[in-house]
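Me: I am new to this structure and would like a close look at a single part of it. Please choose a part where neighbouring pieces of the chain come together, walk me through it slowly, and then show me what lies around it.

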Amino acid sequence: MDVLNELSQALDGVLIRLRRELRDGLRREGIRLPPPAVQVLLLLQRRGSMGMRDVAVCSGRDKGQLTRLVTALVDEGLVERQVNDLDRRAARVSLTAKGLSAASLCARIERRALHHLCEPLSASDQASLTRLLRRCLQEDQG
């Protein structure tokens, strides 16, 4: 097997394990949000209020998926949507107080899952892995 196939399998395995650990951690805490909703909460926690287009780009969701997801989060009282008076198509979303609390809990769960996943790696290995992954993504962040 060539190195790119091995890399693909390793990345798939890591992502599957991380998703499982996140899902299990969320369930233990009584959070019944789907992973894409958690992703949006964490994105808004880290970056603050964002336009829907930016959320779509950062989350990898298309406009329709994101609209349904944000509507569900609004209905749960976790996110609020502000429509731009000059361009009704352009909306911004931000966390409510309840959403900030939920996002903080989700961030702690995510951190525990990452800690558990990276436990076999030294601090130096973790720093190297982070640096290498960021280098892989530089082209997209350019």
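Reply: Let's begin with a term: two strands pair if DSSP finds at least two bridges between them. With that in hand, the part to look at is the sheet, and a good place to enter it is Met50, which stands opposite Val93 in strand 3. Please keep in mind that this is a predicted model.

First, the setting. The protein has six helices and three strands, and along the sequence they follow the pattern α-α-β-α-α-β-β-α-α. Its C-alpha atoms fill a box of roughly 55 × 35 × 25 Å along the principal axes. Of the 142 residues, 29% are buried. Among contacts with a separation of 6 or more, 52% are between residues 24 or more positions apart.

Now to the sheet itself. In general, strands of a sheet pair through backbone hydrogen bonds, either parallel or antiparallel. Here the three strands form an open sheet in the order 1-3-2, with antiparallel pairing. Strand 1 and strand 2 stand at the edges with a single partner strand each, so one side of each has no neighbour in the sheet.

Take the two pairings one at a time. Strand 1 and strand 3 are joined antiparallel by two bridges. You have already met Met50 opposite Val93; in addition, Gly51 stands opposite Arg92 in strand 3. On the other pairing, strand 2 and strand 3 run antiparallel and are joined by five bridges. There, Glu80 has Ser94 of strand 3 as its bridge partner. Strand 3 itself is mostly covered, with four of its five residues buried.

Let's stay with Met50 for a moment. It belongs to strand 1, which spans residues 50-51. Is Met50 buried or exposed? Met50 is buried, because its relative accessible area is 6%, and the cut-off for buried is under 20%. Leaving aside residues up to four places away in sequence, Met50 touches Leu43, Leu44, Val55, Cys58, Ala91, Arg92 and Val93. You can also look from Met50 towards Arg81: the two are 31 residues apart in sequence, and their C-alpha atoms are 9.7 Å apart in space.

For a contrast, follow the chain into the loop between strand 2 and strand 3, where Asp87 is found. Asp87 is partly exposed, because its relative accessible area is 26%, which falls between the 20% and 50% cut-offs. From Asp87 to Arg112 the sequence separation is 25 residues, and the C-alpha to C-alpha distance is 41 Å.

Next, the open space around these elements. Rolling a probe the size of a water molecule over the atoms shows where empty space is left. The second largest pocket involves the sheet and has a volume of about 520 Å³. It is lined by 18 residues, and the closest to its centre are Met52, Arg53, Arg89, Ala90 and Ala91. Two or more lining residues come from each of helix 3, helix 4 (63-75), strand 2 (79-83) and strand 3 (91-95). Helix 3 gives the largest share, four residues. By class, this lining has six nonpolar, four polar and eight charged residues. Ala91 links two parts of the tour: it is among the residues that Met50 touches, and it is one of those closest to the centre of this pocket.

The largest pocket holds about 2,200 Å³ of space. Forty residues line it, and Leu15, Leu18, Arg46, Glu110 and Leu114 are the closest to its centre. The elements giving two or more residues to this lining are helix 1 (3-28), helix 2 (35-47), helix 3 (52-59), helix 5 (97-118) and helix 6 (123-141). Helix 1 supplies the largest share, ten residues. The lining divides into 25 nonpolar, six polar and nine charged residues.

Finally, a look at helix 5, one of the elements in that lining. It has 22 residues and reaches 31 Å from its first C-alpha to its last, close to the expected 32 Å. Its buried residues include Gly99, Ala102, Leu105, Ile109 and Glu110. Glu110 is also one of the residues closest to the centre of the largest pocket.

Methods. Residues are numbered from 1 along each chain as its sequence is written. This is a predicted model: local features need pLDDT of at least 70, side-chain atom pairs count only at pLDDT 80 or more; totals for chains, interfaces and linings use all residues. Side-chain values use heavy atoms; hydrogens and water are left out. On a 1 Å grid over the protein atoms alone, a cavity is a set of points where a 1.4 Å probe fits but cannot get out, and a pocket is an open set with protein on both sides within 12 Å along at least five of seven lines; lining residues have an atom within 4 Å of a point. Grid points are joined across faces, edges and corners, and a volume is the space filled by probe spheres set on the points. Ala, Val, Leu, Ile, Met, Phe, Trp, Tyr, Cys and Pro count as nonpolar, Asp, Glu, Lys and Arg as charged, and the others, Gly among them, as polar. Buried means under 20% relative accessible area, exposed over 50%, partly exposed in between (1.4 Å probe, protein chains only). Contact means heavy atoms within 4.5 Å. The expected span of a helix is 1.5 Å times one less than its number of residues.
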